[in-house]
Amino acid sequence: PSQKITTSIKEVNTSVLGETLSFTLESTGDWEASASEPIDWITLSPSLGFEGVFDIDMTIKPNTGDRARSVEILFTTGSQSAKIKVSQEWSQFFKVPCASYKISYAGGRVVVDGLPKTDFTITIPAEAQDWISVSGNCLNVAFNENEAARKAKISITDNTIPKTYNVTLTQSGVGKMTISELYIDGYKCLTDKRGIVKDFMYSVDMDAATKPVKIEFYGEGVQWITVGSNETKIYSGDIVSLSDLKANSNLNIYSHCETSPKIGTQTLVVSGLPIVEIITNEDVKDEPKVDCTFRLFDPKARTDDGDNKNLTFFESKGGIEYRGAGAQRYIKKPYNFKLYDSKGEKREAELLNIRNDNSWILDAMFLDVAHMRTRVCFDIWNQFNKPYYVSEKPKAMSGTRGHHVEMFLNGEYRGLFTLTDRIDRKQYQIEQNGGYIYKAKGWTDACCLRGYSARSSNDDYYWNSADIEQEYPDADDGFAPNFNYLADMIDFVAKSSKEEFSANFEQHFDMNSIIDAFIFLNMIVAHDNIGRNTFWILRDVKESKKFIHGLWDLDGTLGRTWDRKEENPNQGWVRGRFRIYERIIDENPANIHQKIYDRWLELKDGALAPENFNQVVDYYAKQMIDSGARDREVKRWQSLDIADQPRWGYASVYYGDLEGETKYMKEWWAKRLTKVNSLINTLQHK
């Protein structure tokens, strides 16, 4: 049978004092009431029932908060529902008898509760009638422009009793005419306790035209605002068109009140990048993760959360910690964070159209003078390198993806970061039972594939003497540590004869992965990534023990070392102590020289061509400059960075001259391409 549920009212608007009202509900089956959000200011009697017609009492409590409020009450039977929207106004109020009541300099309406509907009298003394007037059961108090507080003894008579109450009304001295909270299209604009972004921050889509927005605000004494040079009055809740609401702009917000000529001025800083806000109850540390609330505002609406698609605003519980080892010594630190549901369990979401996951990175890019090197490198790497099984696993990726964001931590503006995914099992789509990911973290012989002092005892996920970590599987995955596969590979590279190394090379390594990594690391001059900052990945040991060469932390590349010093584009091979590269260059195993040459011919005029490189660089530079984020990052960190440089011996350069740095990177890339071309021509090939 068809289901149906109806209510005799659809909307309730009530005063600050609240009320109790009755309505009728009719349902064809069992029904229950629920609210669009948790509430404690409305009660229903009854709140559930069965088939039939019910008289329901709704009690709305007085609004003791600091603003108007509303909620939707939903009555549901089966798949059918009916709703009532309840809205309650806000104003100051007191209930007689009341000896005294204090209000702020802003004044405004004060409702007197406890009186009959009509038969009462409110008398204002003559000396106070220039700043207090009466309208029904309300006192209208003017803005106090004086520095001193002022008082008035008001007489209130209930004529039905009769009884007279004397109330001393005290109003404080003048303060600032400011708004304390600003909402644009429902998003609460952030404020910065350090003052880097002044009063409020919002973000717009830099690639879209301006559109009307809903403005809501709260503030002492503020009745309306004007924005910029536009003198149109904007009341809280108005939908307006602001032609100046564009990225990289600072808009003045002027606050007004009818009872005072005083005008307050504040600033709205407009970005064009997503804004991340993280709130914790305790200081972030290396480990373990501390509980946090994660919020992401993206004007491009690129986030999906299950069935909720194209979200502009996303919020989740989570856990956050510092990321990395060496990076923790820097004044601006990177972070790892995970998303949790309300029960503290794993929660996945597709942030910024990157991928659906619960584990994420906020990269500080602190030592990168361009604040884009890792992103540029991985974007180009992803264009041409794919795992060898990508036809079977089309989602498999060998590099990270990410976007620039601006980040706030506990109300403090922390500057420019990139929000990225991770190199992990999901990224490479390796098998859950049989796949392995090892991460080389130092410059030991084992990391450089030159041997090891002792094989791992496989009792921990960190091979301590080798400085290598088993990233997958780890303890959370329910599998034991096993470094035997990696140790066997190190033995092969370090100890095999030239003939054996050549004959069995393709049994131990995915040839395409090794060739692409060899070309790319030489092209970007990644001295910090030939041993250290290297992943070795096995798709499934039951199928094959061929290792894939994975890349990581590419900020010390593209013309600068890890400590910001300029890198010579005309230097020779990037080989260092990395034994596999020594043997590739010197021994030509499995005729790899010819394969490197052939692959180079494909790449040098394609993904590695200067035109493509310049396009990727220009994209990120434009994002940072056009959004205004570059200037805010400089304001936040430049003085601290310069003061910290002598401590670590960084080169005396900084991120501020992004135009100059990108020009340097482009020129460096063109020179390096010529040099790598000559190096590859020295290999044994036809």
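# A walk through helix H7 and beyond

Hello everyone, let's start inside helix H7, where Ile580, Tyr581, Glu582, Arg583, Ile584, Ile585 and Glu587 are buried. Buried here means under 20% relative accessible area, while exposed means over 50% and partly exposed is in between, using a 1.4 Å probe and protein chains only. Helices are DSSP runs of H or I with at least four residues, strands are runs of E with at least two, and both are numbered from the N terminus.

Before I go on, a word about what you are looking at. This is a predicted model, so local features need a pLDDT of at least 70 and side-chain atom pairs count only at pLDDT 80 or more, whereas totals for chains, interfaces and linings use all residues. Residues are numbered from 1 along each chain as its sequence is written, and side-chain values use heavy atoms, with hydrogens and water left out.

Back to H7, which covers residues 579-587. Why do we call H7 largely enclosed by the rest of the structure? Because 7 of its 9 residues are buried. And what covers them? The cover includes helix H3 (484-495), helix H4 (498-503), helix H5 (505-508) and helix H6 (511-524), along with strand S42 (544-551) and helix H8 (592-603). By cover I mean contact, that is, heavy atoms within 4.5 Å.

Let me pick one residue of this helix, Arg583. With a relative accessibility of 3%, Arg583 counts as buried. A polar atom of its side chain lies 2.9 Å from the backbone oxygen of Val493. That is a polar contact: a pair of N or O atoms within 3.5 Å, where within protein one must be able to donate a hydrogen and the other to accept it, and residues adjacent in sequence count only if both atoms are side-chain atoms. Setting aside residues up to four places away in sequence, Arg583 touches Phe492, Val493, Ser496, Ser497, Lys498, Phe501, Asn588 and Pro589.

Just past the helix, Asn588 follows H7 with a positive phi, near 55 degrees. Then look at Ala590, in the loop between H7 and H8. Ala590 is not a glycine, yet its phi is positive, about 50 degrees. At a relative accessible area of 14%, Ala590 is buried.

Another positive phi turns up elsewhere. Leu352, also a residue other than glycine, has phi near 55 degrees. You will find Leu352 in the loop between strand S33 (349-350) and strand S34 (356-357), and with a relative accessible area of 0% it is buried.

Now let's step back to the whole chain. How many helices and strands does the protein chain have? There are 11 helices and 42 strands. Of its 686 residues, 53% count as buried. Along the principal axes, the C-alpha trace spans about 110 × 65 × 45 Å. The radius of gyration is 33 Å, whereas a compact globule of 686 residues would have one near 26 Å; the radius is taken over C-alpha atoms, and the globule rule is 2.2 Å times the number of residues to the power 0.38. Among contacts between residues at least 6 apart in sequence, 67% join residues at least 24 apart.

One of the strands is S12 (residues 108-113), and Val112 sits in it. Is Val112 buried or exposed? Its relative accessibility is 1%, so Val112 counts as buried. Beyond its neighbours within four places in sequence, Val112 is in contact with Phe94, Val96, Ile122, Asn137, Leu139 and Ile156.

Val96 leads us to a peptide bond worth showing: from Val96 to Pro97 the bond is cis, with omega near 0 degrees. Pro97 belongs to the loop between strand S10 (92-95) and strand S11 (100-103). A cis peptide bond also joins Ile161 and Pro162, with omega about -20 degrees. Pro162 is placed in the loop between strand S16 (150-158) and strand S17 (163-171).

My last stop is Thr374, in helix H1 (residues 373-384). Thr374 counts as buried, at 13% relative accessibility. Its side chain reaches the backbone nitrogen of Leu554 at 3.3 Å. Not counting residues up to four places away in sequence, Thr374 touches Asp363, Asp368, Asp553, Leu554 and Asp555.

Thanks for listening!
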